[in-house]
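This briefing covers aromatic ring pairs, one helix and one arginine. The structure is shown first, and the notes follow by topic.

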Amino acid sequence: MPAYVMSEVEVLDESRAATYRELAAASIARYGGRYLARGRQPDAVEGEWPEERRMVIVEFPSMAEARRWYESPEYAEALEIRKDALDRRLLFVEGGP
């Protein structure tokens, strides 16, 4: 069953965010993930969505692969950069009915 990683993001430092995106994309691909939406501003039809926040959605083949990616040494470097580059909320959810 696929799993989805959803990230609500605000860029704090554009230069460091660019480095983060590059490292994150390579690690995501290595663990079988693919972007479904990247850096998009949602259309909030109900509730509020801050203008400066963006949405990223990544699909992985399974929750196990999503967690392997998040805990991987390949992603660790990106995570370290993320601390200064982005403010975010990160959610994992399994797909299916």
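The number of aromatic pairs in this predicted model comes to 6. One of them joins Y70 and Y75: the ring centres are 5.9 Å apart and the planes meet at 45°, a value between the 30 and 60 degree limits, so the pair is tilted. Y70 also pairs with F92, and here the geometry is edge-to-face, with 5.9 Å centre to centre and 85° between the planes.

**Aromatic rings**

- The pair of Y70 and F92 ties together parts 22 residues apart in sequence, because Y70 lies in helix α2 and F92 in strand β4.
- Ring pairs link Y70, Y75 and F92 into a cluster that also takes in Y20, F60 and W69.
- Y75 has a relative accessibility of 0%, so this residue counts as buried.
- Y70 has a relative accessible area of 33% and is partly exposed.
- F92 is also partly exposed, at 22%; the cut-off for buried is under 20%, so F92 falls outside that class.

**Helix α3**

- Helix α3 covers residues 73–85, which makes 13 residues.
- At 1.5 Å a residue the helix should span 18 Å, and the end C-alpha atoms are 19 Å apart, so the expected and computed values agree.
- Which residues of α3 are buried? They are Y75, A78, L79, I81, R82 and A85.
- An α-helix has 3.6 residues a turn, so residues three or four places apart point the same way.
- The elements that cover the buried residues of α3 include the strands β1 (3–11) and β4 (86–94).
- The helices α1 (14–30) and α2 (63–70) are also among the elements covering these residues.
- Two of the elements named in this cover, α2 and β4, hold Y70 and F92 respectively.

**R21 and its surroundings**

- R21 lies in helix α1.
- With a relative accessibility of 29%, R21 counts as partly exposed, because the value lies between the 20% and 50% limits.
- Which residues does R21 contact, leaving aside neighbours within four places in sequence? They are V11, E14, Y35 and R38.
- V11 is 10 residues from R21 along the chain, and their C-alpha atoms are separated by 11 Å.
- Y35 and R38, both in contact with R21, are also linked to each other: the charged end of R38 sits over the ring of Y35, 4.4 Å from the ring centre.

Methods
Residues numbered from 1 in each chain as written. Predicted model: local features only at pLDDT ≥ 70, side-chain atom pairs only at ≥ 80, totals over all residues. Heavy atoms only, no water. Helix = DSSP H or I, 4+ residues; strand = E, 2+ residues; numbered from the N terminus. Expected span 1.5 Å × (residues − 1). Buried < 20%, exposed > 50% of the residue type's maximum accessible area, 1.4 Å probe, protein only. Contact = heavy atoms within 4.5 Å. Phe/Tyr/Trp six-rings, centres within 6.5 Å; stacked < 30°, edge-to-face > 60°. Lys NZ or Arg CZ within 6 Å of the ring centre and 35° of its normal.
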